[in-house]
Each structure stands twice: as C-alpha cells, then as structure tokens.
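Me: I'd like a close look at one part of this model, the salt bridges and what surrounds them. Could you walk me through that part in one connected answer?

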Amino acid sequence: MNTAKRRLYLGMLKVFNLGLMVAAFGIATVLEVRQQGGGESLSAFLSMRVKLINFLTFAAILLVWHGILSLCGQYQSQRLASRRVMLTDATIATTIASLFLGSLVMVFRIGMITPQFLFVFWICSSVLVAGARLLIRSFLGIIRARGHNLRHILILGTNRRAIEFARRLEKTPELGYRVLGFVDERWHECDDLEIEYPLCCSFDALSEYLRRNVVDEVANYLPLRSFYEHSSQVAAICEQHGIFMRFDPKIFDLKIARARAEEFDGNAHITAHSSTLDSWPLFMKRILDVTLSLMLLIALAPVLAAVGVLVKLTSKGPVLFKQERVGRNKRRFFIYKFRTMVTNAEKLLPALEVLNEAAGPVFKIRNDPRMTPIGRLLRRTSIDELPQLFNVLRGDMSLVGPRPLPVRDYEGFSEDWQRRRFSVRPGITCLWQVNGRSNIGFDHWMKLDLQYLDEWSIWLDMKILAQTIPAVMKGSGAA
C-alpha cells in the first residue's frame with residue numbers, strides 16, 4: 001500500500017471510528033429518552049432545535065474522543081496483533097472515553113446523561129468499535145489469504161528465532177505476509193534451510209537485491225553483540241530505500257520482560273519491562289483504587305472514628321502508627337496504621353529478634369509482648385490496616401498488590417528475583433493475604449507476589465478484593 005492510499009485509509013478509519021462513537025451515543029440517547037417518557041418524548045426530542053453551544057460542546061467531545069482513540073492505538077496498524085490484544089485495546093479506549101463523558105457530567109451537571117446512559121454508551125461503543133475492528137481484520141484476512149494486500153518480508157539471520165518467525169508467518173496467511181527468504185552468509189546448515197526457504201543473498205549483496213526485488217519489510221534477527229556492524233549497515237540501507245525494518249523483540253534474550261518501542265523527543269527507544277501493570281491498564285487500576293478508597297473511607301468513617309477513640313482511651317500515645325516502608329521501585333514512604341503496640345515498640349525489636357517465628361528476613365511472633373489491649377483485636381480483624389486507604393489516595397499504595405515491607409525486612413533480602421515484587425505499587429491486600437498470611441513461608445510468599453505480577457488483570461484485583469473479606473473474617477494467619 002503506497003503512502004497516498006495509506007493516508008486515505010487512515011482518514012477513513014478515523015471518520016468511521018468517530019461515527020461509531022456517535023452511533024453509540026445516539027443509541028444510549030434513544031434508550032434513555034424512551035425510558036423517561038415513551039415514544040412521544042422521543043418524537044419531541046428528535047424535533048428539538050440544536051443550540052450552537054450544544055453543537056460546539058459535542059464537537060469538543062468528539063475531538064477528545066479522537067485523541068483517546070489515537071493514544072490507545074486505534075489508528076495504528078495491528079496486522080501482527082492478536083485478536084485478544086485488539087479487543088483489549090478497543091475496550092480500553094471506549095472505557096476511557098466513557099469515563100471522560102462521566103467526568104463532564106459531574107462537572108457540568110448534565111441531567112440527560114445518567115449512570116444508566118453511561119453504562120449503555122460504554123457497552124454500545126465497546127461492541128461497535130471492537131466488533132468493527134474484528135470485522136475489518138476478518139475481511140482483510142480473506143483478501144490476504146487469496147494473495148492480495150501482501151507485504152513481502154526479508155529476514156536477516158538464520159538462527160532458531162528467525163526460522164520460527166518465518167514459520168509463524170507462513171502458518172497465518174491471513175496476516176498477509178509473504179516470506180521472500182533469508183539474508184546470511186552461507187554456512188554448513190544453509191542447505192537444509194533452503195528446503196523450506198531460500199537463502200536470498202549475503203549481507204554484501206543485500207543492497208543489490210533490494211534494488212531489483214519487491215521488499216516491503218526487513219526483519220532483523222541477527223545477534224546484537226556479534227553482528228552489530230551488519231545490523232547498522234542494513235538499517236542504513238533500509239533507510240535509503242525507505243523500507244520498513246522490524247527488530248527481534250527478544251533481542252536481549254530476556255525470559256520475562258517484553259520489549260516495545262516508545263518515542264521520545266522524535267527518537268524511538270526500545271524498552272523492556274517485566275510487569276503487566278503499565279500504561280493504560282495501570283491508569284485503569286489507579287481509577288479503581290481512587291474510586292473504591294473514597295467510597296470505603298466515606299462508608300467506614302464512623303468505624304474509623306470509633307477505633308481512634310478506643311486506641312486513645314486504652315493506651316498512651318498517638319492514635320496512628322507511622323513507619324517507613326519500601327514502595328514501588330524502592331521508593332520510601334510512610335505507611336499509616338492504627339497503633340496496635342506500645343509507643344517504643346521499634347526500640348524493643350532488637351531484644352525480641354531471638355523469638356522470631358518467621359522464615360526469611362521478616363519478623364513475626366504470635367504473642368508479641370508489645371501489643372496493647374485493643375491492638376490484638378485490631379490485628380486479628382485487620383482493622384488496623386484501614387488508614388492505609390489514605391496511602392492509596394496519595395498514590396503510595398494500591399488496594400491490591402504485594403504487601404509493603406519495612407526497611408529492615410527489605411535489607412534482609414538475599415535474592416534479586418525476590419525484588420521484582422517492588423516493581424509495582426504495594427497493596428493493602430494480595431494473594432498472600434487471602435491464602436493464609438503468616439501461615440505461608442517466606443519463599444512461597446514471594447512466589448505468590450510474582451504470580452500476581454505475571455497474571456495481573458483488573459478481574460484478578462476484583463477477585464482478590466472479594467476474597468479478602470472472608471479471609472479477614474476467618475482470621476487465619478493474622479499476626
């Protein structure tokens with residue numbers, strides 16, 4: 001596809017996506033008006049004159065929606081993306097668009113847009129945008145499988161990952177890639193390779209090959225360390241020819257971290273990160289944290305006040321206990337809890353180290369002599385953790401995440417793989433919390449934290465939050 005056609009297709013896609021958002025808004029409007037007053041109200045609504053201010057407001061909303069769709073990758077090529085990724089990206093875009101619309105309602109008090117309206121709009125926009133993207137992909141897949149809209153790709157290197165990449169492309173003809181062959185020096189196994197794919201040329205002959213053949217993309221699967229000069233020369237040649245160059249995402253052979261390209265100041269940077277809690281998913285998690293924390297603080301305000309009074313009446317000292325903890329990427333912050341121990345508990349800790357019942361660097365004893373009369377009950381019911389909702393609002397913590405550890409415990413870590421748990425915000429509850437807490441050994445605890453990082457989703461957070469209540473009521477492992 002040439003540049004003019006690509007721009008035309010992109011422009012049509014932008015208009016089409018905004019049309020789908022308008023259609024979703026229209027469906028939600030019709031259903032809302034029908035529910036409020038029936039068919040007569042709908043006729044009256046459709047015959048209403050549109051005020052200039054309303055037109056300009058809706059135009060501004062469309063502009064913001066356009067920006068949201070663009071930021072969420074809805075105007076980028078997703079030829080190699082899986083259907084799951086396409087659906088996820090589309091749903092994230094429509095969710096943010098719906099939240100933006102909801103924020104306008106709260107600021108400008110738009111009476112017509114009710115919570116039910118927003119829910120219907122979100123459902124309709126998600127189905128329309130995601131469904132349309134899948135339909136377009138299916139249509140293009142049929143065309144590509146018949147030999148149209150193909151991209152001719154040349155692969156640098158003949159190592160295992162290069163061959164696997166070629167085979168994946170061959171097994172998915174609906175993606176529209178035609179593997180021309182490989183670029184490499186002839187070596188003893190190249191004869192076996194040519195049974196599947198031809199060895200098109202050597203590195204020295206690549207420039208001549210590109211002059212005389214149709215090549216849309218060059219995929220670089222050369223080892224970075226030993227073939228840096230070759231890669232640099234090929235990149236320069238592709239730049240001169242205006243050919244798209246693709247790099248091996250496992251360029252550093254990392255086991256967990258995933259690589260992706262980001263733009264900074266006009267330059268592309270390859271980043272690698274091992275956490276799924278990044279970008280828009282992290283933004284959605286933050287919205288969930290703030291919303292639920294505010295709701296809980298408002299609902300539990302009488303409980304917080306009553307517990308504060310009990311702590312003050314039953315022991316000398318402040319109501320809240322403040323301690324420095326290790327947060328995301330080793331940032332230090334002060335955690336807040338209802339005080340459950342005597343005021344000099346930190347100074348008494350060294351003398352109690354010999355009584356430690358926990359494995360690893362953490363300190364836990366069941367019958368801690370530093371506990372106040374009310375402190376043991378607060379620990380058993382986890383009520384002492386409620387002030388951490390303020391930490392969540394401040395952004396130091398999340399509702400769900402690995403528990404924040406004291407500086408003393410962190411300094412006792414002996415394995416770097418355990419420290420990956422600090423790559424995300426710590427949480428009030430986690431898999432360790434709902435699976436037995438102090439009854440779980442330290443190594444198993446760390447593995448549960450890493451399992452959370454590897455399997456994270458909004459639904460997993462909701463599941464852990466739902467399991468936290470019975471776990472707290474049961475009180476198993478509380479110390």
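Reply: Happy to; here is a tour of the salt bridges, followed by the sheet, the loops and the cysteines.

A word on the basis of the values comes before the tour. This is a predicted model, in which local features need pLDDT of at least 70 and side-chain atom pairs count only at pLDDT 80 or more, while totals for chains, interfaces and linings use all residues. Numbering runs from 1 along each chain as its sequence is written, and side-chain values use heavy atoms, with hydrogens and water left out.

The structure holds 18 salt bridges, a salt bridge being a side-chain nitrogen of Lys or Arg within 4 Å of a carboxyl oxygen of Asp or Glu. One of them joins the side chains of arginine 408 and aspartate 409, with an N to O distance of 2.4 Å. For exposure, buried means under 20% relative accessible area, exposed over 50%, and partly exposed in between, using a 1.4 Å probe and protein chains only. On that scale aspartate 409 is buried, at 6%, and arginine 408 is partly exposed, at 30%.

Next come two bridges that reach across the sequence. Helices and strands here are DSSP runs numbered from the N terminus, with H or I over at least four residues for a helix and E over at least two for a strand. Aspartate 454 and arginine 420 meet through their side chains at 3.1 Å, N to O. This pair links distant parts of the chain, 34 residues apart: aspartate 454 sits in helix 16 (residues 442-455), and arginine 420 in the loop between helix 14 (407-410) and strand 12 (427-429). Aspartate 454 is partly exposed, with a relative accessible area of 42%, whereas arginine 420 is buried, at 16%.

In the second bridge, the closest N and O atoms of arginine 421 and aspartate 449 are 2.8 Å apart. Because arginine 421 lies in the loop between helix 14 and strand 12 and aspartate 449 lies in helix 16, the pair ties together parts that are 28 residues apart in sequence. Both arginine 421 and aspartate 449 are buried. Elsewhere, salt bridges that share partners join Lys337, Arg379, Asp384, Glu385 and Arg403 into one network.

Now for the sheet. Strands of a sheet pair through backbone hydrogen bonds, either parallel or antiparallel. Two strands count as paired here if DSSP finds at least two bridges between them. An open sheet of three strands has the order 9-8-11, with antiparallel pairing. Strand 9 and strand 11 (405-406) are the edges with a single partner strand each, so one side of each has no neighbour in the sheet. Strand 8 and strand 11 pair over two bridges in the antiparallel sense, and valine 326 has leucine 405 of strand 11 as its bridge partner.

Two loop residues deserve a look for their backbone angles. Lysine 330, in the loop between strand 8 (320-326) and strand 9 (332-338), has a positive phi of about 70° although it is not a glycine. Lysine 330 is partly exposed, at 35%. Serine 382, in the loop between helix 12 (375-381) and helix 13 (388-394), also has a positive phi, near 65°, without being a glycine. Serine 382 is buried, with a relative accessible area of 11%.

Last, the cysteines. With a disulfide taken as a pair of cysteine sulfur atoms within 2.5 Å, the count comes to zero. Cysteine 238 is buried, at 2% relative accessible area, and cysteine 430 is buried at 3%.
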